[in-house]
Structures are given as structure tokens and as C-alpha cells.
Amino acid sequence: MPICPKCRASYPPKERFCATDAFVLVEQQDLDRIDTTIGNYHLDQILGRGGMGTVYSGEHVYIGKKVAVKVLHPQFAKYEDAVKRFLREARAASSINHPNIVGIHRVGRDEERNLHFLVMEFLEGKTLSDVIEETGEFAVDEAISIISQCSDALAVAHDKNIIHRDIK
């Protein structure tokens with residue numbers, strides 16, 4: 001049963017967003033990982049959930065560095081193709097060095113829980129959707145700057161023969 005990670009309200013299985021605060025709904029297993037450790041990373045809160053995994057804010061338990069940790073949904077861990085796709089995503093992202101592409105720090109597997117995860121650079125700030133919702137439309141020069149940065153990052157990816165499936 002889907003649950004809102006913010007208000008903890010439960011929803012019917014087909015719902016995707018909380019009616020109260022518009023958060024993406026998660027599963028109980030996603031919530032159960034909060035305040036646990038995977039690898040050397042303590043998971044603090046859920047940042048988002050997608051088709052392949054759930055992303056948490058986290059912190060390295062020894063050095064205190066803030067990170068984002070993406071955990072592959074457990075139902076995919078039993079499918080070799082899904083795990084390979086997850087690892088391919090991590091490999092592709094880590095091969096690109098660009099300020100507009102998130103950095104990958106580590107890829108791993110928690111053997112005990114059979115959880116595959118990747119540790120990424122934590123990015124502070126708001127999503128483009130949030131900014132648009134708050135401020136309305138962008139000025140032309142701001143829009144051009146954003147599109148230019150996205151285009152530069154995509155060009156670098158394409159130069160490495162990496163085709164994107166999911167741009168955020």
C-alpha cells in the first residue's frame with residue numbers, strides 16, 4: 001500500500017502522489033530503510049522514488065559527508081537484466097565529468113539484504129519543477145542559461161556514446 005513519506009497517509013495501490021502535500025508515494029519497505037545503514041552510509045530521509053529505485057539523503061558514517069543513496073527496488077534484484085541496467089546507469093554517469101551531471105561516488109551491494117545501491121553527490125537546492133511552480137515562467141535569459149547548461153551536459157554524454165533515458 002503506497003504511503004506518503006511526509007504525512008504517512010496511506011493510499012490505494014494505483015495512487016502515485018499524496019493528495020495533501022504532493023509527495024511521491026513510497027512503499028513501507030522504503031520507509032523501513034530510514035535510520036538504517038547501507039554500506040558505510042546512514043539513510044536519513046526519502047528524497048524521491050522512481051521506477052527503478054528509491055533515493056535517500058544519507059551521510060557517510062565515518063567522515064560525515066552528505067550524499068544521496070539510490071537503492072534498487074528489491075523486486076528487481078532477482079532479475080539479472082535489471083541489476084545490469086542499474087549498474088550500467090551508474091557506470092555511465094560516473095564516466096562523465098561535467099558540473100551539470102551528478103557525480104557517482106560508489107556502487108555496492110548489501111549482501112545480507114540483497115540490496116543494490118549507488119552513492120551519489122548530494123545536490124542542494126530546488127528542482128526546476130519547484131522553481132517554476134513557485135515563480136511562474138522564467139525570463140528568456142534565464143531559460144536560455146538553463147537550456148544551455150542541459151545541452152552542454154547532454155553533448156558530453158553523447159560524445160561518450162551515452163544515450164540518456166531519464167533526464168532530471
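Trainee: Is Asp35 buried or exposed in this predicted model?
Mentor: Asp35 sits in the loop between H1 and S1. Its phi is positive, about 65 degrees, although Asp35 is not a glycine. Its relative accessible area is 57%, and the cut-off for the upper class is over 50%, so Asp35 counts as exposed.

Trainee: Arg33 is found in the loop between H1 and S1; is Arg33 buried or exposed?
Mentor: Arg33 touches Leu43, Tyr56, Val71, Pro74 and Leu115, leaving out residues up to four places away in sequence. The relative accessibility of Arg33 is 6%, against a limit of under 20% for the lowest class. Arg33 therefore counts as buried.

Trainee: Which side chain makes a polar contact with the side chain of Arg33?
Mentor: A polar contact needs a pair of N or O atoms within 3.5 Å. The side chain of Arg33 has such a contact at 3.2 Å. The partner is the side chain of Asp30.

Trainee: In what order do the 6 strands of the open sheet lie?
Mentor: The pairing in this sheet is antiparallel. S1 and S5 are the edge strands, each pairing on one side only. The order is S1-S2-S3-S4-S6-S5.

Trainee: Which residue in S2 is the bridge partner of Thr37?
Mentor: S1 and S2 pair in the antiparallel sense, over 2 bridges. The bridge partner of Thr37 in S2 is His42.

Trainee: How far apart are the C-alpha atoms of Asn40 and His60?
Mentor: Asn40 belongs to the loop between S1 and S2, while His60 is in strand S3, residues 53-60. Beyond its neighbours within four places in sequence, Asn40 is in contact with Glu59, His60, Val61, Tyr62 and Arg106. The two residues are 20 apart along the chain, and their C-alpha atoms are separated by 5.7 Å.

Trainee: Does His60 count as buried or exposed?
Mentor: Leaving aside its neighbours within four places in sequence, His60 is in contact with Asn40, Tyr41 and Lys65. Its relative accessibility is 14%, below the 20% limit. His60 therefore counts as buried.

Trainee: Which residue takes a positive phi in the hairpin of S5 and S6?
Mentor: S5 and S6 run antiparallel and are joined by 6 bridges. One bridge pairs Asp110 with Leu115 in S6. The hairpin has 4 residues between the strands, and the residue with a positive phi, near 50 degrees, is Asn114.

Trainee: Which residues have the most contacts inside the largest nonpolar core?
Mentor: This core has 15 residues. S2, S4 and S6 each supply at least two residues of the core. The residues with the most contacts inside the core are Ile38, Val69 and Val71.

Trainee: How many residues are in the second, separate core?
Mentor: The second core is separate from the one just described, and includes Leu72, Ala93, Ile104 and Met120. Its number of residues is 12.

Trainee: What do the end C-alpha atoms of H3 say about its span?
Mentor: H3 covers residues 80-94, which makes 15 residues. At 1.5 Å a residue, the helix should span 21 Å. The end C-alpha atoms agree with that, being apart by 21 Å.

Trainee: Within what arc do the buried residues of H3 fall?
Mentor: The buried residues are Ala82, Val83, Phe86, Ala90 and Ala93. Seen down the axis of H3, they line one face of the helix, because they fall within an arc of 105 degrees.

Trainee: Which residues are exposed on the other side of H3?
Mentor: The buried residues of H3 are covered by elements including S4, H2, S5 and S6. On the other side of the helix, the exposed residues are Glu80, Asp81 and Arg91.

Trainee: Which residue just after H5 takes a positive phi?
Mentor: H5, residues 140-159, has 20 residues. From first C-alpha to last, H5 reaches 28 Å, close to the 28 Å expected. Just after H5, the residue with a positive phi, of about 60 degrees, is Asn161.

How values were computed
Residues are numbered from 1 along each chain as its sequence is written. This is a predicted model: local features need pLDDT of at least 70, side-chain atom pairs count only at pLDDT 80 or more; totals for chains, interfaces and linings use all residues. Side-chain values use heavy atoms; hydrogens and water are left out. The expected span of a helix is 1.5 Å times one less than its number of residues. Buried means under 20% relative accessible area, exposed over 50%, partly exposed in between (1.4 Å probe, protein chains only). The arc is that of the directions from the helix axis to the C-beta atoms. Contact means heavy atoms within 4.5 Å. A nonpolar core is a set of buried Ala, Val, Leu, Ile, Met, Phe, Trp, Tyr and Cys residues joined through side-chain atoms within 4.5 Å. A polar contact is a pair of N or O atoms within 3.5 Å; within protein, one must be able to donate a hydrogen and the other to accept it, and residues adjacent in sequence count only if both atoms are side-chain atoms. Two strands pair if DSSP finds at least two bridges between them.
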